[in-house]
Amino acid sequence: MYDNNPTLTNLDNKQILHDRQGEILEQDGFVDDPNAKTFYIESYGCQMNFSDSEIVGSILSDCGYSPTKNMETSDLILVNTCSIREKAEDTVRKRLRIFNKVKEQKPGTLIGVLGCMAERLKHKFLEEEKLVDLVVGPDAYRDLPNLISTAEDGDKGINVFLSREETYADIAPLRLDNNGITAFISIMRGCDNMCSFCVVPFTRGRERSRNAFSIVSEATDLYTKGYKEVTLLGQNVDSYKWENPETGQKVNFAQLLKLVADVHPDLRVRFSTSHPKDITDEVLTTMAAHENICKYIHLPVQSGNSRVLKLMNRTYDREWYMDRVEAIRRIIPDCAISSDIITGFCSETEEEHQDTLSIIEWSEYSMSYMFYYSERPGTLAERKYEDDIPLETKKRRLSEVIAIQNKVSLAHNKRDIGKTFKVLIEGTSKKSELDFKGRNTQNKMLVFPKKAGLAPGDYVRVKVSDATSATLIGSLVE
Ligand code: 5AD
Ligand code: SF4
């Protein structure tokens, strides 16, 4: 899941992490040690990038750096970047100019670009842009200590090597956006799908799955530390597959889900992202069989039209997608489904756009991430098709998609009025100190008045009395 907007901004010297529903999660757990060198990191784009920043944090603390919220005093300023759309890259370029202003005040500060943009632009950053000291691709974070030494000696530190094996399985992430309740666990890296619009296979390399035991032990460790929810992350979790080299035992995604769900019934399990071509009935029956596997599937459709889906190289058509949604409804009747949608892909007609509008209504998505098509250099679409839909048309189609989705989300949420849900309290609502916020199993955010004796991490029952398109409003029930 990605965002066009910056997900980490610096306001009054406080880092604030905006989650996808617009809630704000404050970052805590940053203890500045006056004797240690410090690093400051901003992350943009998908949840995988936030998860990677925590791996980077762990590698940096092992070599003597501690995290800081204060960019102005830090020794190392890092930005973990996203290349998925042009806008995401523009945002990073703006941030780099700001970092360089800070560096003018404090010469010696190192500035590094991490992640997808580092991978995509490689030497260009050092040669043309001259704004950075370090360029580090998503598979090269173990090399950071060496690259930092190189940069400290006045040379540029660059490593954009893409690996077929690296999963960082043995690295315990340093939890940066830490509410102490919910955490991401990366279960695989890269993507082999080659959707024609997408730059990810080029920036994150080949798909590889992480050792299942290391995933289960990370989940167990988190539960022991008081966490109550883990989200298993991968570009395409349904194609997770790992083989124990000692026993030959194979683990697929459904089996991994069960292993993590069995860590403890009070540890909720979520996952993202599912691919419509790969999600199996075995995954769905595993979800149905475990109360603590959340009843929510992010199942990006991208387009509701079969011809456009073929051009997108999604390898399914409208009927296949509808069949998968019907399977979800049959096996997990209370499951919420969300989607990603792209408007104005190469040669998309008005009728084909109507098919996207109709699949949103038919699928009854609880929410969607919606974008207009942004051509990315090097992708299959850039090489094979003309980006021929005018920007105004792409934007108009996007606003129609957003309008339908808002209507569908509101109707979806209104249907919850009168129902009672089990909610995991995540913290205080951003709108009122007097309210808690938390999610139900369908990943819907609920807001409800606080009660003495309750705290984040507690499970409570909340009865819904009102709804907007983004939030359910309710009150505690005994
Ligand atoms: N233009 C617009 N949206 C894109 N996405 C991926 N590549 C592009 C692009 N070139 C969207 C897809 C994907 C989500 C992560 O980002 O909807 O599922
Ligand atoms: Fe990109 Fe498609 Fe892979 Fe998702 S599944 S990361 S959209 S290539």
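The following questions and answers go through the domains, cores, ligand shell and selected residues of a predicted model.

In this predicted model, local features need pLDDT of at least 70 and side-chain atom pairs count only at pLDDT 80 or more, while totals for chains, interfaces and linings use all residues. Residues are numbered from 1 along each chain as its sequence is written, chains are lettered from A and ligands numbered from 1 in the order in which they are written, and side-chain values use heavy atoms, with hydrogens and water left out.

Me: How many residues does domain 2 give to its contact with domain 1?
Reply: The chain is divided into domain 1 (37–159), domain 2 (182–414) and domain 3 (420–477), with bounds that come from an automatic or database domain assignment. The centres of domain 1 and domain 2, taken over C-alpha atoms, are separated by 28 Å. Contact means heavy atoms within 4.5 Å; on that basis domain 1 contributes 16 residues, and domain 2 contributes 20 residues.

Me: Which helix gives the most residues to the largest nonpolar core?
Reply: A nonpolar core is a set of buried Ala, Val, Leu, Ile, Met, Phe, Trp, Tyr and Cys residues joined through side-chain atoms within 4.5 Å, where buried means under 20% relative accessible area, exposed over 50% and partly exposed in between (1.4 Å probe, protein chains only). The largest such core has 70 residues, and Leu232, Tyr240, Phe253, Leu256 and Met287 have the most contacts inside it. Helices (H or I, at least four residues) and strands (E, at least two) are DSSP runs numbered from the N terminus, and the one that gives the most to this core, with six residues, is helix H8 (residues 253–261).

Me: Is threonine 231 buried or exposed?
Reply: Threonine 231 belongs to strand S13 (residues 229–233). Apart from neighbours within four places in sequence, threonine 231 contacts Ala183, Phe184, Ile185, Arg270 and Phe271. Because its relative accessibility is 10%, threonine 231 counts as buried.

Me: How many residues of the shell around ligand 2 are nonpolar?
Reply: The surrounding residues, each with a heavy atom within 4 Å of the ligand, include Cys191, Cys195, Cys198, His275 and Arg314. For this division Ala, Val, Leu, Ile, Met, Phe, Trp, Tyr, Cys and Pro count as nonpolar, Asp, Glu, Lys and Arg as charged, and the others, Gly among them, as polar. The shell therefore has one charged residue, three polar and, as the number asked for, seven nonpolar.

Me: What is the phi of methionine 194?
Reply: Methionine 194, one of the residues surrounding ligand 2, sits in the loop between strand S11 (188–189) and helix H6 (200–204). Methionine 194 is partly exposed, at a relative accessible area of 28%. Its phi is positive in a residue other than glycine, with a value near 60°.

Me: Which residue has its backbone nitrogen 3.0 Å from a polar side-chain atom of serine 306?
Reply: Serine 306 is in helix H10 (residues 306–311) and is partly exposed, with a relative accessible area of 28%. Leaving aside neighbours within four places in sequence, serine 306 touches Asp317, Arg318 and Glu319. The backbone nitrogen at 3.0 Å from a polar atom of the serine 306 side chain is that of arginine 318.

Me: What is the omega of the cis peptide bond between serine 272 and threonine 273?
Reply: Threonine 273 is found in the loop between strand S16 (268–272) and helix H9 (281–289). The bond joining serine 272 to threonine 273 is cis, and its omega is about 10°.

Methods: Polar contact = N/O pair within 3.5 Å; in protein donor to acceptor, adjacent residues only side chain to side chain.
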